[in-house]
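This briefing accompanies the structure shown below and moves from the chain as a whole to selected local features. Please keep the sequence and the model open while reading.

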Amino acid sequence: MKRKPYIFITRSLPEKTIAPLLEVARVSMWEKEDEPVPRDRLEEEVEQADGLLTMVSDQIDRDLLESAPHLRVVSNMAVGYDNIDIEAATELGILVCNTPDILTDTTADLTFALLMSVARRIPEGASYLAGGKWKEWAPFLLAGSDVHHKTIGIVGMGRIGAAVAKRATGFDMNILYHNRSRNREAEGQTGARYVDFDELVQESDFVVCLAPLTDETKGMFTYNVFKQMKKSAFFINASRGGLVDERGLAYALDEKLIAGAGLDVFQEEPISSEHPLLSFSNVVALPHIGSASVETRNSMALLASRNIAHVIKGYRPKALVNKEQ
Ligand code: DGY
């Protein structure tokens with residue numbers, strides 16, 4: 001008798017989002033929603049799994065992939081896939097899928113919210129009030145920086161970068177961008193101007209990092225880069241912590257070389273409350289929630305499930321990352 005495919009899901013997901021998998025395979029999942037699957041359980045599961053539905057917090061490395069004799073597909077519930085060894089997967093004939101497009105607007109919203117929060121000191125204002133410190137109105141109480149009519153510099157003009165640029169047009173911002181290649185469509189739609197990296201860093205009031213983490217982008221935001229920024233400028237990162245030299249950023253904040261930072265991502269996640277970047281009042285830090293709206297997370301889980309179901313049924317999945325397969 002033919003073996004029924006087996007799929008392992010590395011977090012607890014709502015049943016309606018895994019319906020496409022239940023139709024085609026035996027499915028089991030790590031029972032916790034708020035804790036990653038332990039490595040030894042993952043190692044056990046890949047010995048039998050035909051498919052894995054993974055999260056950004058899972059390290060899917062060569063060792064793991066090589067110990068998975070039946071594995072045909074890894075479907076990451078994220079647009080980024082730097083947690084997966086794509087080269088090893090491709091060599092081993094394992095398809096890797098992601099969840100692009102459906103999270104673009106949600107992530108752009110959060111990126112802009114982070115920018116607004118740090119510029120207008122929103123979390124600081126909220127804790128000031130909650131801490132019982134508001135005794136009098138004062139002309140410069142918690143005065144922040146304007147966002148409208150300022151210059152935003154977007155590093156990484158992919159889908160999310162372009163959606164952030166679109167939001168910036170509503171604030172009458174001057175838009176600069178830097179990317180591996182020109183994005184003429186975004187230029188046409190938003191008036192964004194392509195500039196080299198140094199010019200972007202020196203001219204922008206908001207430097208917004210949205211480039212993917214790759215060997216080329218790893219650690220690109222160094223102390224020397226922050227030093228080139230205007231002292232009144234803010235750094236926003238909603239991509240991956242690995243693009244930033246966090247020690248360099250902490251020095252730059254300490255020396256007041258920049259005005260503040262909005263960070264949704266960190267080099268090693270999760271961070272503890274002792275993390276040095278949390279000690280600055282001009283840093284707004286979030287726990288990697290760029291795409292975290294209920295609607296979008298449900299859509300991401302559903303797409304990640306569909307990607308696997310397509311492979312099991314013998315079709316080419318829509319959101320395939322290692323396309324030369
Ligand atoms: C992504 O999709 O890559 C996000 O960072 C996960 O929330």
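Buried residues make up 48% of the 325 residues in the chain, and the model from which this value was computed is a predicted one. The secondary structure of the chain comprises twelve helices and twelve strands. The points below take up overall dimensions and surface, then two helices, and then one loop residue.

**Overall dimensions and contacts**
- For 325 residues, a compact globule would be expected to have a radius of gyration near 20 Å, and the 21 Å found for the chain agrees with that expectation.
- Taken along the principal axes, the box filled by the C-alpha atoms of the chain is roughly 80 × 45 × 30 Å.
- Of the contacts in the chain with a separation of 6 or more, 59% are between residues 24 or more positions apart.

**Surface and charge**
- The chain exposes about 16300 Å², and carbon and sulfur atoms supply 50% of that area.
- The chain carries 36 positive and 46 negative charges, and the mean positions of these two sets are 5 Å apart.

**Helix H5 (residues 104–119)**
- The end C-alpha atoms of helix H5 are 23 Å apart, which agrees with the 22 Å that its 16 residues should span at 1.5 Å a residue.
- Helix H5 is mostly covered, since twelve of its 16 residues are buried; among them are Thr104, Leu110, Phe112, Leu114, Leu115 and Val118.
- After helix H5 comes Arg121, whose phi is positive, near 55 degrees.

**Helix H7 (residues 159–169)**
- The buried residues of helix H7 are Ile160, Gly161, Ala163, Val164, Ala165 and Ala168.
- The cover over these buried residues of H7 includes helix H5, strand S6 (151–155), strand S7 (174–178) and helix H8 (184–190).

**Gln48 and its surroundings**
- Gln48 lies in the loop between helix H2 (39–46) and strand S3 (51–54).
- With a relative accessibility of 37%, Gln48 counts as partly exposed, because that class lies between the cut-offs of under 20% for buried and over 50% for exposed.
- Although Gln48 and Pro5 are 43 residues apart in sequence, their C-alpha atoms are 9.0 Å apart in space.
- When neighbours within four places in sequence are left aside, Gln48 is in contact with Arg3, Tyr6 and His70.

Definitions and conventions
Residues numbered from 1 in each chain as written. Predicted model: local features only at pLDDT ≥ 70, side-chain atom pairs only at ≥ 80, totals over all residues. Heavy atoms only, no water. Helix = DSSP H or I, 4+ residues; strand = E, 2+ residues; numbered from the N terminus. Rg over C-alpha atoms; globule rule 2.2 N^0.38 Å. Buried < 20%, exposed > 50% of the residue type's maximum accessible area, 1.4 Å probe, protein only. Contact = heavy atoms within 4.5 Å. Areas by Shrake-Rupley, 256 points an atom, 1.4 Å probe, with all protein chains shown as cover. Lys, Arg positive; Asp, Glu negative; His and termini not counted. Charge placed at Lys NZ, Arg CZ, Asp CG, Glu CD. Expected span 1.5 Å × (residues − 1).
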